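Grab a pencil and work through a few short exercises with this protein chain. Try each task before you read its solution.

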Amino acid sequence: SWTIPAALVSKKVYAFEPNIDCCDILRDNLTLNNLKNVEVINIALTCSKKAPIIKSCYNDNNTSQWMKLDDVWIDDPPNLIKVDVEGAELDVIKGARHTIQTFKPRIFVEAHIIDGYNTYEDVMKTVMEFVPSYKTEVDRGTYCIFYQ
């Protein structure tokens with residue numbers, strides 16, 4: 001729901017998706033819309049060397065590959081990072097520390113409540129530690145938007 005609109009207004013989009021079935025659906029949608037500026041990458045983003053816990057609302061056909069966003073080589077520095085990872089938001093943000101501090105992209109994070117734990121507070125605190133000059137917008141503790 002986000003990649004196609006982003007591709008319509010962006011030079012390049014990198015879509016990280018741990019679920020192979022969702023990758024296939026996204027690739028089909030890109031073909032249907034004749035969009036060639038999206039690279040779909042079937043990995044899970046995290047902050048550690050251990051496998052992330054992926055809670056998919058679609059199915060459990062997930063990749064066994066994971067890495068930090070800081071370790072992903074991309075052609076251009078990101079000007080926007082959008083995170084919607086069903087409760088693993090803090091892991092993705094922590095794994096993007098260098099990217100966030102260096103390039104100061106806009107960041108849009110969808111926070112989740114998983115097993116009674118709301119990721120919102122920790123995501124807000126962590127991003128503001130990385131770049132204290134960020135301004136924020138918040139939508140009822142569900143969405144966090146950071147920008148310079």
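**Exercise 1: the open sheet**

Work out which strands form the open sheet and in what order.

Solution. Start with the order: four strands line up as β5-β6-β10-β9 in an open sheet with mixed pairing. Strands here are DSSP runs of E with at least two residues, helices are runs of H or I with at least four residues, and both are numbered from the N terminus. Two strands count as paired if DSSP finds at least two bridges between them. Next, look at the edges: β5 (80–83) and β9 (135–139) each pair on one side only. The twist from one strand to the next averages 10°.

Before going on, a word on the model. It's a predicted one, so local features need pLDDT of at least 70 and side-chain atom pairs pLDDT 80 or more, while totals for chains, interfaces and linings use all residues. Residues are numbered from 1 along each chain as its sequence is written, and side-chain values use heavy atoms, leaving out hydrogens and water.

**Exercise 2: one pair and a helix**

Find out whether β5 and β6 pair in the parallel or antiparallel sense, then say which helix packs on the sheet.

Solution. Recall that strands of a sheet pair through backbone hydrogen bonds, either parallel or antiparallel. For β5 and β6 (residues 106–110), the sense is parallel, over four bridges. Check one bridge yourself: Val 83 has Val 109 in β6 as its partner. Now for the helix: α5 (residues 120–130) packs on the sheet and touches β6, β9 and β10 (143–147). A contact means heavy atoms within 4.5 Å. The direction of α5 makes about 5° with that of β10; axes are lines fitted to C-alpha atoms (for helices, over the stretch in contact), with angles from 0 to 180 degrees between N-to-C directions.

**Exercise 3: positive phi**

Locate Asn 34 and Lys 104, and decide how exposed each one is.

Solution. Most residues other than glycine have a negative phi. Asn 34 has a positive one, near 55°, and sits in the loop between α2 (20–32) and β2 (38–41). Its relative accessibility is 53%, so Asn 34 counts as exposed. The cut-offs are under 20% relative accessible area for buried, over 50% for exposed and partly exposed in between, with a 1.4 Å probe and protein chains only. Lys 104 also has a positive phi, near 45°, and lies in the loop between α4 (97–103) and β6. With 35% relative accessibility, Lys 104 is partly exposed.
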